[in-house]
Amino acid sequence: MFLEALGSALLGLALAWAAVHRLPDRLPARGTVLVTGALGAVFGALVTHGALGPGHFLATLVGAVAVAAVLLSLLVRPAARGLRRSSPAAY
C-alpha cells in the first residue's frame with residue numbers, strides 16, 4: 001500500500017505540473033494546484049484500493065490519476081476572452 005500511495009502521489013504531482021504549464025492563466029496559484037493533484041491522487045488510490053482490494057497495483061494507479069484529473073478540472077476557470085453575458089439586461 002505504501003508504494004501505491006507514493007506512486008499515486010508522484011503521478012498526481014506530474015499531472016498537476018503538466019496542468020500548471022499547459023494552462024497557467026486559467027488555474028489558481030501553483031502551490032494550490034500541486035497540492036490538489038497530489039492529495040487527489042492519494043485519495044483516489046485509497047478509494048480504488050478499498051474498492052478493488054490488494055493485488056491491483058495498476059488499476060489503483062489508474063483510479064488515482066482519474067480522481068486527480070477530476071479534482072484538477074474543478075480548479076480550471078473559464079477563459080476571460082470568451083465570456084459573454086446571456087441577458088442584455090445585465091448591461
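This tour moves along helix α2 and then to the two helices that it touches.

The model is predicted, so local features are given at pLDDT of at least 70 and side-chain atom pairs at pLDDT 80 or more, while totals for chains, interfaces and linings use all residues. Residues are numbered from 1 along each chain as its sequence is written, and side-chain values use heavy atoms, with hydrogens and water left out.

Select residues 30-52 to see helix α2, a DSSP run of H or I with at least four residues, numbered from the N terminus. From first C-alpha to last, α2 reaches 33 Å over 23 residues, close to the 33 Å expected at 1.5 Å a residue, where that span is 1.5 Å times one less than the number of residues.

Next, colour the buried residues of α2, which include Gly-37, Ala-41, Gly-44 and Thr-48; buried means under 20% relative accessible area with a 1.4 Å probe, protein chains only. They pack against α1 and α3, with contact meaning heavy atoms within 4.5 Å.

Now add residues 57-75, helix α3, whose axis comes within 7 Å of that of α2 and crosses at roughly 140°; axes are lines fitted to C-alpha atoms over the stretch in contact, and angles run from 0 to 180 degrees between N-to-C directions. Among the residues in this contact are Phe-43 of α2 and Val-67 of α3.

Then show residues 2-22, helix α1, whose axis also comes within 7 Å of that of α2, crossing at roughly 145°. Here the contact includes Trp-17 of α1 and Leu-34 of α2.

Finally, select Gly-53, just after α2, which takes a positive phi of about 90°.

Terms used. Buried means under 20% relative accessible area, exposed over 50%, partly exposed in between (1.4 Å probe, protein chains only).
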